[in-house]
Amino acid sequence: MSKTLTSRVPAKDQDSSTIVIDARNGTSSSQGSRASSDGGPGWAPGLAAPATDSSTTAAPPAAPLATPAAARTPAARTYYVDWLRVFLTVVVILHHCVTCYLSSWAPWVTQQKKTDNALWLLVQLFVNGNQAYFMTLFFFLSGLYVPGSYRRKGAVHFLIDRTMRLVVPCIVYSLVAAPFIIWLTLGADTKKPGPSLGKAYADWLKPGWPLAYNLATGPLWFNWMLWWFNVAYVILVKIAGLIACNRNKKAPELPKSTPNKSASSAKAPTEEYSTRQWVIGGSAIIAILTTFCFCARVLTYMVWHLQPAEFYRLSPVVAFMPDFFVVYIVAFGLGIFSGPSCWNALTRLPSGYATWWLGLGGVWWLQAGWLINVALFSYMAGQRGIVAFCLSNLLRTFVEQSFCVVWSAGLLVLFRQAYNIKPNWLGLQIIGAAYGAYIVHQIFIAIYARAFMPVAVAFTSHVLTAACISSPVLISAWLFAMALRALPGAKRVL
């Protein structure tokens, strides 16, 4: 699988994920979202509300003798989003510990060729299952607090912040990590000696870098794509603002005595979705994702002869999987509208359904995504022609996207109910280093895959080798990320 993962890219706007509890009615609003010009319920704590004209404003009622305890409660942070990002980062790293043994050129694969049915079955179940949902959920989480962050920082500072946290790691990874991984990998080949470390860097950084390669190398494709999504968001917001400004100029001016209701920001809804709402909404999302992904797969197959989940390189700065690209756009957009300043969907997902959704999603993938796929693989692989391609991929796309929606909803509710826990010191270190661990984990996969080559000879399957390197890779990536964050100024990026 050519797709790599990420971790905690969106977590850099964690400050916008705090929730302000309204003690009077139990509703909540985003601390990262500024209120309307009338100082309504969305006004961020710590910011002075706009001044009002005392001559036209009625005096407020007298304050109660005793302030309710809930009113004095500090803003509660949505910790479960942080823990969910940590979980997804772990899944990504484990995912790549398996996929490193699918490489067609890595010495730890080519020098130990074996009929590996266990690895193939694991790929169909675990790797393909992960790819169906985890990056889509990452993009959804990335969009949740974008509006609040944009309003708080403004367009210029928002883009500067996004560039520091998304693009700078891409450049540093390409400069430092990519040639090091190539040296480690080629150097493990006992039949054909690899280049020295210096030559590996010289060959990589030859004239033409970074345009000689894809700038977003390895797992940093997520950073690069997410940065472009953020840029597109800013552009669209600016265009929408210009359109609204032109409409306001043409509209008749309201009398001064008439309040402009459009200036008031409505409270974010807090009531849970009814069964009818989440069934219809979930079905609609599945239909949209399936349609977009399937159309992209058919189009790219007919135009570029690409198979599903295959990267296509248009230029050194544009490389993506067209079929999942459209899915990620939808997921990022849903995240933007699902945040606490709009639909507040994370709060409104009904409680008590986590087990049902995870169970349903797991059984669905086990049967439709794995068993049926394994049983029909030989038959479908022998089919040729556009009709066979369309039928097989329509089924595959529907299974993937339906699993993605149901499984992701289950994870969101599960973590909201069970893991909205304030972290201790160790928890803060784990959460803080998740993004860095995602960035550097490929380095440690190469290190441990090479180190375990002598041991792997005795194994009957690369599944055992992948299991052996998983824990060392996870621990090393996190510890190294913690050490990097201890450097002066590193937290601005990591």
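**Exercise 1. Getting your bearings**

How many helices and strands does the secondary structure of the chain come to? Work out as well what share of the residues is buried.

*Solution.* Before counting, keep in mind that you are looking at a predicted model. Step one: going through the secondary structure of the chain gives 15 helices and five strands. Step two: the chain has 494 residues, and 45% of them are buried. Step three: turn to the outside, where the chain exposes about 24,500 Å², with carbon and sulfur atoms supplying 68% of that area. Step four: take the contacts between residues at least 6 apart in sequence; 83% of these join residues at least 24 apart.

**Exercise 2. A helix from end to end**

Find helix α9 and compare its reach with the expected one. Then say which of its residues are buried.

*Solution.* Start with the limits: α9 covers residues 322-338, which is 17 residues. From the first C-alpha to the last, α9 reaches 24 Å, close to the 24 Å expected at 1.5 Å a residue. Next, look at burial, for which the cut-off is under 20% relative accessible area. The buried residues of α9 include the aromatic side chains Phe324, Tyr328 and Phe332, and also Pro322, Asp323, Val327 and Val330. Further along α9, Ala331, Gly335, Ile336 and Ser338 are buried too. Hold on to Asp323, as the next exercise picks it up.

**Exercise 3. Salt bridges across the sequence**

Which residue forms a salt bridge with Asp323? Repeat the search for Arg348, and describe the partners.

*Solution.* The rule to apply is a side-chain nitrogen of Lys or Arg within 4 Å of a carboxyl oxygen of Asp or Glu. By this rule the count is nine salt bridges.

- The partner of Asp323 is Arg297, with the closest N and O atoms 2.9 Å apart. Arg297 sits in helix α8 and Asp323 in helix α9, so this pair ties together parts that are 26 residues apart in sequence. Both ends fall below the burial cut-off: Arg297 is buried at 1% relative accessibility, and Asp323 is buried at 2%.
- Arg348 meets Glu271 in a salt bridge, at 3.3 Å from N to O. Because Arg348 belongs to helix α10 (residues 345-348) and Glu271 to the loop between α7 and α8, the pair ties together parts 77 residues apart in sequence. Here Arg348 is buried at 9%, whereas Glu271 is partly exposed at 47%.

**Exercise 4. A small network**

Which residues are linked with Asp161 in a network of salt bridges?

*Solution.* Begin with one pair: Asp161 forms a salt bridge with Lys153, and their closest N and O atoms are 3.2 Å apart. Then widen the view, and the network takes in Lys153, Asp161, Arg162 and Arg165. Finally, check the accessibility of the first pair: Asp161 is buried, with a relative accessible area of 6%, while Lys153 is partly exposed, at 23%.

**Exercise 5. A nonpolar patch on the surface**

Where does the largest share of the nonpolar patch come from?

*Solution.* First collect the members: Leu299, Met302, Val303, Trp304, Leu314, Val317, Val318, Ile386, Val387 and Leu391 make a nonpolar surface patch of about 910 Å². Next, assign them to elements; α8 and α12 (386-418) are the ones that give two or more residues. The largest share, four residues, comes from α8. To finish, pick a single member: Val387 lies in helix α12, and with a relative accessible area of 58% Val387 is exposed.

Methods:
Residues are numbered from 1 along each chain as its sequence is written. This is a predicted model: local features need pLDDT of at least 70, side-chain atom pairs count only at pLDDT 80 or more; totals for chains, interfaces and linings use all residues. Side-chain values use heavy atoms; hydrogens and water are left out. The expected span of a helix is 1.5 Å times one less than its number of residues. Buried means under 20% relative accessible area, exposed over 50%, partly exposed in between (1.4 Å probe, protein chains only). Patches are made of residues with over 30% relative accessible area and no salt bridge: like charges are joined within 9 Å, nonpolar side chains (Val, Leu, Ile, Met, Phe, Trp, Tyr) within 5 Å. Accessible areas come from the Shrake-Rupley method with a 1.4 Å probe; for residues, only the protein chains shown count as cover. Contact means heavy atoms within 4.5 Å.
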